[in-house]
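Reader: I'm new to reading protein models and keep stumbling over the vocabulary. Could you show me the structure and explain how each label is earned?

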Amino acid sequence: MTTDFDTVLKRRLDALREQNLFRELRRVDSAQSPHIQIGGKPFLNFSSNDYLGLANDPLLQEAAIEAVKKFGAGSGASRLISGSLAPHHKLEEALADFKKTEAALVFSTGCAAALGTICALVSKEDIIVLDKLVHASIIDASRLSGAQLRIFAHNDLNELEEILKWAAKRVQSVSRPHVLIVTESVFSMDGDFAPLQEIVALKEKYGAWLMVDEAHATGIHGAQGRGCTESCGVAQDIEVQMGTLGKALGASGGYICGSRPLINFLINRARSFIFSTAPMPAAAAAATAAIRFVQSDEGEQRRKLLWQRVDQFNSKFKTQNAKCSAIIPLMIGDENRAVETAAELRAQGVFIPAIRYPTVARGTARLRLTITASHTAEDVEKLGDALTNLKSLAEQRTTNIERRTSNA
Ligand SMILES: *Cc1c(COP(=O)(O)O)cnc(C)c1O
């Protein structure tokens with residue numbers, strides 16, 4: 001039986017290898033930082049979502065250690081059973097204050113936040129409308145919710161409106177479905193932005209609800225790092241604000257911010273919240289420290305540093321990078337070539353992962369380069385040299401990255 005089981009799985013793995021889609025873990029023997037050790041070798045790391053360099057910051061370390069000393073390592077149970085420890089409440093107060101919402105709720109991960117929230121809000125009588133490029137956790141949650149799923153082309157407002165028109169006709173029917181639109185503010189694999197003001201106008205026009213995932217915006221975009229919902233001036237008009245504590249905030253966990261009724265409803269209905277052990281108190285305390293940091297003057301300085309490094313890169317290379325985005329996709333297309341290019345960069349001591357299907361569509365493989373505030377000007381310089389040395393770049397095979405000719 002077991003041999004048969006393993007044989008089936010090995011065959012499936014072989015199929016992945018043939019398509020250049022096989023993945024494996026690379027063990028990192030150092031903390032998250034621009035400089036990491038893999039297999040005993042040092043690499044310059046341009047793969048992390050730790051945009052502000054907080055993951056290994058003494059401020060977060062100390063907050064976590066304090067919480068461990070006072071509240072222990074584990075949280076013992078689900079929040080509704082016995083695990084609703086003070087650090088989780090403090091974090092939720094800090095989040096609501098930060099995002100200027102009535103309330104907030106913390107989940108063990110951003111994935112769990114998406115899953116629990118979407119499945120609680122809509123069911124098979126309802127309609128869910130997604131941007132084509134939303135994160136896998138949102139797609140999976142939407143499927144699991146049983147709601148009718150409609151997808152619009154990436155950032156295509158015309159198609160979104162067509163779908164909302166179609167949905168509005170059904171809303172007038174006896175069953176009166178609810179319509180939930182879900183998008184990201186900064187898209188995780190492309191680094192571009194959703195037209196939030198226009199999407200809010202449409203959802204108001206057609207009476208839909210809107211959920212915005214700020215996983216890659218919280219902490220780095222908007223005044224005091226509140227996110228794009230804030231910089232676009234639409235935060236108050238969005239029913240559900242979602243995000244993660246694991247990227248710019250340097251800790252781990254997911255959150256939902258919104259009205260008190262929304263949060264009370266999720267406490268009662270979000271299954272990934274109800275049936276899951278509360279996050280470690282240390283994670284909550286670290287995230288709380290990060291939220292305070294991003295709102296401080298020092299946080300502002302750190303963001304300035306981040307955008308300086310992004311500008312430094314953009315002044316050397318022309319990519320399809322949206323202006324002012326820390327996520328820079330170097331589009332390659334072919335999966336095999338993406339893997340080869342990543343290997344070529346590793347040989348030069350630069351770590352940038354090749355992103356392939358199923359993270360992105362087939363034939364749109366890319367190197368996903370992320371720049372952080374903890375990279376030095378010299379690090380970015382070295383990255384530029386490594387990219388310049390790429391054979392594939394010299395042969396103009398890499399499609400969207402081009403060296404700027406000026407010495408600026
Ligand atoms: C990373 C990510 C998530 C999931 O958050 P985790 O806390 O890592 O589970 C959700 N949405 C987007 C867009 C993400 O990039």
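**How the labels are earned**

Author: Happily! This is a predicted model, and a good place to begin is an open sheet of three strands, ordered β11-β14-β13, with antiparallel pairing.

Reader: What makes β11 and β13 stand at the edges?

Author: Count the partners. β11 (327-333) and β13 (354-355) each have a single partner strand, so one side of each is left without a neighbour in the sheet.

Reader: How do you know that β13 and β14 count as a pair?

Author: Two strands pair if there are at least two bridges between them. β13 and β14 (residues 365-370) are joined by two bridges and run antiparallel, so the pair meets the cut-off. Across from Ile-355 you will find Arg-366 in β14.

Reader: Which strands form the open sheet with mixed pairing?

Author: That sheet has three strands, in the order β1-β2-β12. Its edges are β1 (35-38) and β12 (350-351); each has a single partner strand, so one side of each lacks a neighbour in the sheet. Four bridges link β1 to β2 (residues 41-45) in the antiparallel sense, and Ile-36 has Phe-43 in β2 as its bridge partner.

Reader: Why is β3 called largely enclosed?

Author: Buried means under 20% relative accessible area. In β3 (residues 103-107), five of the five residues are buried, so the strand is largely enclosed by the rest of the structure. Ala-103, Leu-105 and Phe-107 point one way while Ala-104 and Val-106 point the other way, and all are buried. β3 also pairs with β9 (residues 254-258) in the antiparallel sense over five bridges, with Leu-105 partnered by Ile-256 in β9.

Reader: How do you know how many disulfides there are?

Author: A search of the whole structure finds zero. Take Cys-232: the nearest cysteine sulfur belongs to Cys-228 and is 5.8 Å away. A disulfide needs the two sulfur atoms within 2.5 Å, so that distance does not qualify. For Cys-257, the nearest cysteine sulfur is again that of Cys-228, 15 Å away, and Cys-257 is in no disulfide.

Reader: Are Cys-232 and Cys-257 buried or partly exposed, and what makes them so?

Author: Cys-232 has a relative accessible area of 23%, so it is partly exposed. Cys-257 is buried, because its value is 0%, and buried means under 20%.

Reader: Why is Thr-229 called buried or exposed, whichever it is?

Author: Thr-229, in helix α9 (residues 228-231), has a relative accessible area of 1%, so it is buried.

Reader: What makes the link from the side chain of Thr-229 to that of Gln-241 a polar contact?

Author: The two side chains make their contact at 3.3 Å. The cut-off for a pair of N or O atoms is 3.5 Å, so the distance fits.

Reader: Which elements line the second largest pocket?

Author: This pocket holds about 230 Å³ of space. α2 (58-71), α4 (86-99) and α12 (281-295) are the elements that give two or more residues to its lining. α2 supplies the largest share, five residues. Among the lining residues are Phe-71, Pro-87 and Thr-288.

Reader: How do the lining residues divide between nonpolar, polar and charged?

Author: Seven are nonpolar, one is polar and four are charged. Glu-66, Lys-70, Lys-90 and Arg-292 are in the lining, and they count as charged because Glu, Lys and Arg are on the charged list.

Conventions. Residues are numbered from 1 along each chain as its sequence is written. This is a predicted model: local features need pLDDT of at least 70, side-chain atom pairs count only at pLDDT 80 or more; totals for chains, interfaces and linings use all residues. Side-chain values use heavy atoms; hydrogens and water are left out. Buried means under 20% relative accessible area, exposed over 50%, partly exposed in between (1.4 Å probe, protein chains only). On a 1 Å grid over the protein atoms alone, a cavity is a set of points where a 1.4 Å probe fits but cannot get out, and a pocket is an open set with protein on both sides within 12 Å along at least five of seven lines; lining residues have an atom within 4 Å of a point. Grid points are joined across faces, edges and corners, and a volume is the space filled by probe spheres set on the points. A polar contact is a pair of N or O atoms within 3.5 Å; within protein, one must be able to donate a hydrogen and the other to accept it, and residues adjacent in sequence count only if both atoms are side-chain atoms.
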